[in-house]
Amino acid sequence: MENQIRHDGVIESVNGSHVQVRIVQTSACAGCKVAAHCHTAEAKEKLIDVSDATGRWQVGQPVVVTASSSMAGKALLIGFGLPLILMLVVLTVLIAAGCSEGMTALLMLGALIPYYIIVWMLRNRIARTISFRLEEANS
């Protein structure tokens, strides 16, 4: 069985096959019993969009949002891994070409602009491979 990433949540809105779920993302420290006395504990509320055409979800219903670990790896690769590799390639080429450090830094950051434009243009295709699923919460 594939490893799953799971978050408890509550449905905020349902619009056809589009379900919006509010989850509380916590750091490991936030689950600690003494977290209230510590300044490092943090928790963030996030809204997750899920496509589900079953029509069985209602606003306020507790659910579990799941995603596969491999899907999370793909998302990290697209969001962080490939941009890092792109920046390192640009850095290496420009340093070898003798560009100044300031110009190299600007061009490294500038190289990310077309990358993220391409990612934005392919967002629907990416959404088909990187998606979340809903399960009923076991109350």
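What follows is a tutorial chat on reading a predicted model of one protein chain.

Me: What should I know before I start?

Reply: Numbering runs from 1 along each chain as its sequence is written. This is a predicted model, where local features need pLDDT of at least 70, side-chain atom pairs count only at pLDDT 80 or more, and totals for chains, interfaces and linings use all residues, while side-chain values use heavy atoms, with hydrogens and water left out.

Me: What is the mean pLDDT of the chain, and which elements have the lowest and highest means?

Reply: pLDDT is the predictor's confidence in each residue, from 0 to 100. Where it is low, the predicted coordinates should not be read in detail. Here the chain averages 83, with 84% of its residues at 70 or more. Among the elements, strand β3 (residues 43–51) has the lowest mean, 79, and helix α2 (residues 101–121) the highest, 95.

Me: How many helices and strands are there, and in what pattern?

Reply: Helices (H or I, at least four residues) and strands (E, at least two) are DSSP runs, numbered from the N terminus. This chain has three helices and five strands, running β-β-β-β-α-α-α-β along the sequence.

Me: How does the span of helix α1 fit its number of residues?

Reply: You expect 1.5 Å times one less than the number of residues. Helix α1 (residues 69–96) has 28 residues, so it should span 40 Å; the end C-alpha atoms are 38 Å apart, which agrees. Still, α1 has a kink of about 45 degrees centred on L77. The bend at a residue is the angle between axes fitted to the seven residues ending there and the seven starting there. After α1 comes G98, with a positive phi near 85 degrees.

Me: Which residues of α1 are buried, and what do they pack against?

Reply: Buried means under 20% relative accessible area, exposed over 50%, and partly exposed in between (1.4 Å probe, protein chains only). In α1 the buried ones are M71, P83, V90 and L94. They pack against β4 (62–68), α2 and α3 (123–129), contact meaning heavy atoms within 4.5 Å. Over the chain, 20% of the 139 residues count as buried.

Me: Why does T104 count as buried, and L82 as partly exposed?

Reply: Compare the percentages with those cut-offs. T104, in helix α2, has 2% relative accessibility, so it counts as buried. Beyond its neighbours within four places in sequence, T104 contacts L91, L94, I95 and C99. L82, in α1, is at 35%, so it counts as partly exposed. Leaving out residues up to four places away, L82 touches L77 and Y115.

Me: And N138: why is that one exposed?

Reply: N138, in the segment after β5 (133–136), counts as exposed because its relative accessibility is 79%. In space, its C-alpha is 8.7 Å from that of P62, although the two are 76 residues apart in sequence.

Me: What lines the second largest pocket, and which element gives the most?

Reply: On a 1 Å grid over the protein atoms alone, a pocket is an open set of points where a 1.4 Å probe fits, with protein on both sides within 12 Å along at least five of seven lines; lining residues have an atom within 4 Å of a point. The second largest pocket is lined by A72, A75, L76, I78, G79, F80, R123, I126, A127 and I130. Helix α1 gives the most, six residues, and α1 and α3 each supply at least two.
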